[in-house]
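Reader: I'd like a close look at one part of this protein rather than a tour of everything. Could you pick one strand, walk me through what surrounds it, and then follow the contacts outward?

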Amino acid sequence: VLEVGCGTGHLSAKLAKICPDVEALEPSPGMHAVAAEVLADSEVALHHVSAEGFKANRKYDVVVSHLCGHVVADVDSFFRSCAAFVSPSGSFILSLPHPCFWNEYRKVFPTEDYRYMQEKFASTTLSITKDPNRPIEAIPFHHRPLSRYLKALHGCGMALKALDEIIPSKAVQTEYGAEWLFPRYCVLHAVHVRH
């Protein structure tokens, strides 16, 4: 497994408990420093590099990108890099804030300026629901319609195998303080196009 954009390394640590061979990439110096601490006692091979800069010496059965696709400026280049790491029978699994519903939830763009089909950029601040007193500032956010992500996948020779729209159980929703009326996240599962 290769996680591209592992952030603080928590997902890579969980993946390492079910897979004996996990590598992780993180280009941000701050995030990489945290990931190095989180993964210190694991077998995860952590690399301080972007997807575009990583020189893989093999292919991976699964390439995961969790909540990164909307942060990158050039989604086509990012997806091409990720697709190049995937073995011929492997999978690229990508999670995103749901493009159809995220602005309704987070109000990144004022309603009067937001058009779903129009790509738009903002620098935003987020706080984690369970850690509201430590906001994370200056996070790049690129709104793109879902069709834009699908075109980028197709452009690098991948095809959508499945799309899951994420709504947690009622018990988990209570931890967010309110019922989810729509999915806030989606997961795309892509595979190489067979010719």
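Author: Here is a walk that starts at one strand, goes through its neighbours and the core, and ends at the salt bridges. One thing up front: this is a predicted model.

Let's start with strand E5, residues 86–97. This strand is mostly covered, with 9 of its 12 residues buried.

So what pairs with E5? One partner is strand E4, residues 60–66, which runs parallel to E5 and is joined to it by 6 bridges. If you want to find the pairing on screen, look for Tyr60, whose bridge partner in E5 is Val86. Another pair to pick out is His66 in E4 with Ser95 in E5. To get from E4 to E5, the chain passes through helix H3, residues 75–85. That β-α-β crossover is right-handed.

The other pairing to look at is with strand E9, residues 185–192. Here the strands run antiparallel, and 7 bridges hold the pairing. A handy landmark is Ile93, which stands opposite His189 in E9.

Now step out past E4. Strand E1 runs parallel to E4, and 2 bridges join them. Leu2 has Val63 in E4 as its bridge partner. One background point helps when you look at side chains here: in a regular strand they alternate between the two faces of the sheet.

Val63 is worth keeping selected, as it turns up again in the core. The largest nonpolar core has 29 residues, and Val63 is among those with the most contacts inside it, along with Val4, Phe79, Phe85 and Phe92. Several elements feed this core: E1 (2–4), E4, H3, E5, helix H5 (146–155) and E9 each supply at least two residues. The biggest giver is H3, with 6 residues. That's the helix of the crossover from E4 to E5.

H3 also has a charged contact to show you. Asp76 forms a salt bridge with Arg148, and their closest N and O atoms are 2.5 Å apart. Arg148 lies in helix H5 and Asp76 in helix H3, so this pair ties together parts that are 72 residues apart in sequence. Asp76 is partly exposed, at 25% relative accessible area.

From there you can keep following charges. Asp76 and Arg148 belong to a network of salt bridges that also links Glu119 and Arg144. Glu119 and Arg144 form a salt bridge with their closest N and O atoms 3.9 Å apart. That pair also links distant parts of the chain, 25 residues apart. Glu119 is in the loop between helix H4 (102–106) and strand E6 (120–128), while Arg144 is in the loop between strand E7 (131–143) and H5. The burial of the two ends is worth a look: Glu119 is partly exposed at 42% relative accessibility, whereas Arg144 is buried at 2%. The cut-off for buried is under 20%, so Arg144 qualifies at 2%.

A search of the whole structure finds 7 salt bridges. Another one to click on is Asp21 with Arg58, where the closest N and O atoms are 2.6 Å apart. Those two residues are 37 apart along the chain: Asp21 sits in the loop between helix H1 (10–16) and strand E2 (23–25), and Arg58 in the loop between strand E3 (45–47) and E4. Both ends are partly exposed, with Asp21 at 34% and Arg58 at 31%.

Back to H5 for a moment. Ser147 lies in this helix and is partly exposed, with a relative accessible area of 29%. For a sense of distance, Ser147 and Ala33 are 35 Å apart in space, C-alpha to C-alpha, and 114 residues apart in sequence.

One last stop is a nonpolar surface patch of about 210 Å², made by Leu150, Leu160 and Leu163. Leu163 belongs to strand E8, residues 158–166. At 35% relative accessible area, Leu163 is partly exposed.

Key: Residues are numbered from 1 along each chain as its sequence is written. This is a predicted model: local features need pLDDT of at least 70, side-chain atom pairs count only at pLDDT 80 or more; totals for chains, interfaces and linings use all residues. Side-chain values use heavy atoms; hydrogens and water are left out. Buried means under 20% relative accessible area, exposed over 50%, partly exposed in between (1.4 Å probe, protein chains only). Helices (H or I, at least four residues) and strands (E, at least two) are DSSP runs, numbered from the N terminus. Two strands pair if DSSP finds at least two bridges between them. A crossover is right-handed if, with the strands pointing away from the viewer, the path from the first strand over the helix to the second runs clockwise. Patches are made of residues with over 30% relative accessible area and no salt bridge: like charges are joined within 9 Å, nonpolar side chains (Val, Leu, Ile, Met, Phe, Trp, Tyr) within 5 Å. Accessible areas come from the Shrake-Rupley method with a 1.4 Å probe; for residues, only the protein chains shown count as cover. A salt bridge is a side-chain nitrogen of Lys or Arg within 4 Å of a carboxyl oxygen of Asp or Glu. A nonpolar core is a set of buried Ala, Val, Leu, Ile, Met, Phe, Trp, Tyr and Cys residues joined through side-chain atoms within 4.5 Å.
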